[in-house]
Amino acid sequence: MLKNYLTITLRNFIKNRSYSLINILGLSIGITCCVVIYLIITQDLSFDRFHTKADKIYRVVRISENASGEDFGSATPYPFAKAFRNDFPEIPFITQFHAEGETLVKAGSEKHLIEDVMFCDSLFFKVFDFEVISGDPSKDLGEPNKVFLTQSTAKRLFKDGKVTTIKLNNKIEAEVAGIVKDPPSNSHIQFSVI
């Protein structure tokens, strides 16, 4: 019986080639679009969900007025975190970070243009669950001129494996205190140097 159905279907396809081609092509495009939309939505909904405390992490947004209306930004003044801790002691951790654009990084005699250099405080890794491979960020990020590099940045800067110091924008000499695993692609916080 199944053989008869397949034979009849094949005969109809051959008899009505253009009609069959339009139907098969339409079905293929429809299924492909559904799969692509599903993958995009899944990716969007997975953003920053890898943090263990993702449901307790909030972002402060600053609203400022300008000539074209309201402007929304995530940058807050540096005294904000201390004031927030004083006013709301029930909140366990508050961290601030500031992302720089392209930064000239000198490692030994080589100079590299690195994107995603970020300045943050010592509580950054208590709020966000980026995997630290070596070093103690709670201690080292509290001290001046100490940095953490991602694995890919460390390999790029120090091909011979000797991670010691780097110089940022020919001004700040910083000691490399540790290595962090590269942030996943579904994180809105992307960095190379912290």
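# Notebook: helices, strands and selected residues

**Entry 1. The two helices.** I began with helix α1 (residues 2-15) and helix α2 (residues 17-45), which pack at an angle of about 105 degrees with their axes 5 Å apart. That angle makes α1 roughly perpendicular to α2, since values from 65 to 115 degrees count as roughly perpendicular. I note here that the model is a predicted one.

I then listed the residues that meet. From α1 they are Asn-12, Phe-13, Ile-14 and Lys-15, and from α2 they are Arg-17, Ser-20 and Ile-24. Sorted by class, this contact holds 3 nonpolar, 2 polar and 2 charged residues.

**Entry 2. Ser-20.** Is Ser-20, a residue of helix α2, buried or exposed? I found a relative accessible area of 7%, so Ser-20 is buried. With neighbours within four places in sequence left aside, Ser-20 is in contact with Asn-12 and Phe-13, both of which I had already listed on the α1 side.

**Entry 3. The annotated stretch.** I consulted the UniProt record, an unreviewed entry, and its annotation "transmembrane region" covers residues 21-41. In the model, residues 21-41 are 100% helix and 0% strand. The C-alpha atoms at the two ends of this stretch lie 30 Å apart.

**Entry 4. Cys-33.** I placed Cys-33 in helix α2 as well. Its relative accessibility is 40%, so Cys-33 counts as partly exposed. I also looked up Pro-183, which is 150 residues from Cys-33 along the chain; their C-alpha atoms are separated by 29 Å.

**Entry 5. Strands β1 and β2.** Strand β1 (residues 62-66) and strand β2 (residues 69-73) run antiparallel and are joined by 5 bridges. Which residue of β2 is the bridge partner of Asn-66? I found Gly-69 in that role. A hairpin of 2 residues connects β1 to β2.

**Entry 6. Strand β4 and its partners.** Next I examined strand β4 (residues 103-107). In a regular strand the side chains alternate between the two faces of the sheet. Along β4, Thr-103, Val-105 and Ala-107 point to one face and are buried, whereas Leu-104 and Lys-106 point to the other and are not buried.

I found β4 paired with strand β5 (residues 110-114) in the antiparallel sense over 5 bridges. Thr-103 has Ile-114 of β5 as its bridge partner. The hairpin of β4 and β5 has 2 residues between the strands, and within it Gly-108 takes a positive phi near 70 degrees.

Strand β9 (residues 165-168) also runs antiparallel to β4, joined to it by 2 bridges. There, Val-105 is the bridge partner of Leu-168.

**Entry 7. Val-147.** Val-147 belongs to strand β8 (residues 146-150). I recorded 6% relative accessibility, so Val-147 counts as buried. Val-147 and Ala-174 are 27 residues apart along the chain, yet their C-alpha atoms are separated by 6.3 Å. Apart from neighbours within four places in sequence, the contacts of Val-147 are Ile-166, Ala-174, Glu-175, Val-176, Ala-177, Gly-178, Val-193 and Ile-194.

**Entry 8. Ser-192.** I closed with Ser-192, in the segment after β10 (172-180). What does Ser-192 touch, residues up to four places away in sequence not counted? I listed Ile-114, Glu-115, Asp-116, Phe-148, Leu-149, Thr-150 and Thr-153. One of these, Ile-114, appeared earlier as the bridge partner of Thr-103. Ser-192 has 14% relative accessibility and therefore counts as buried, the cut-off being under 20%.

Conventions. Residues are numbered from 1 along each chain as its sequence is written. This is a predicted model: local features need pLDDT of at least 70, side-chain atom pairs count only at pLDDT 80 or more; totals for chains, interfaces and linings use all residues. Side-chain values use heavy atoms; hydrogens and water are left out. Axes are lines fitted to C-alpha atoms, for helices over the stretch in contact, and angles run from 0 to 180 degrees between N-to-C directions. Helices (H or I, at least four residues) and strands (E, at least two) are DSSP runs, numbered from the N terminus. Angles under 35 degrees count as roughly parallel, over 145 as roughly antiparallel, 65 to 115 as roughly perpendicular and the rest as oblique. Contact means heavy atoms within 4.5 Å. Ala, Val, Leu, Ile, Met, Phe, Trp, Tyr, Cys and Pro count as nonpolar, Asp, Glu, Lys and Arg as charged, and the others, Gly among them, as polar. Buried means under 20% relative accessible area, exposed over 50%, partly exposed in between (1.4 Å probe, protein chains only). UniProt positions are given in the numbering used here, feature names are shortened, and annotations may be inferred rather than shown by experiment. Two strands pair if DSSP finds at least two bridges between them.
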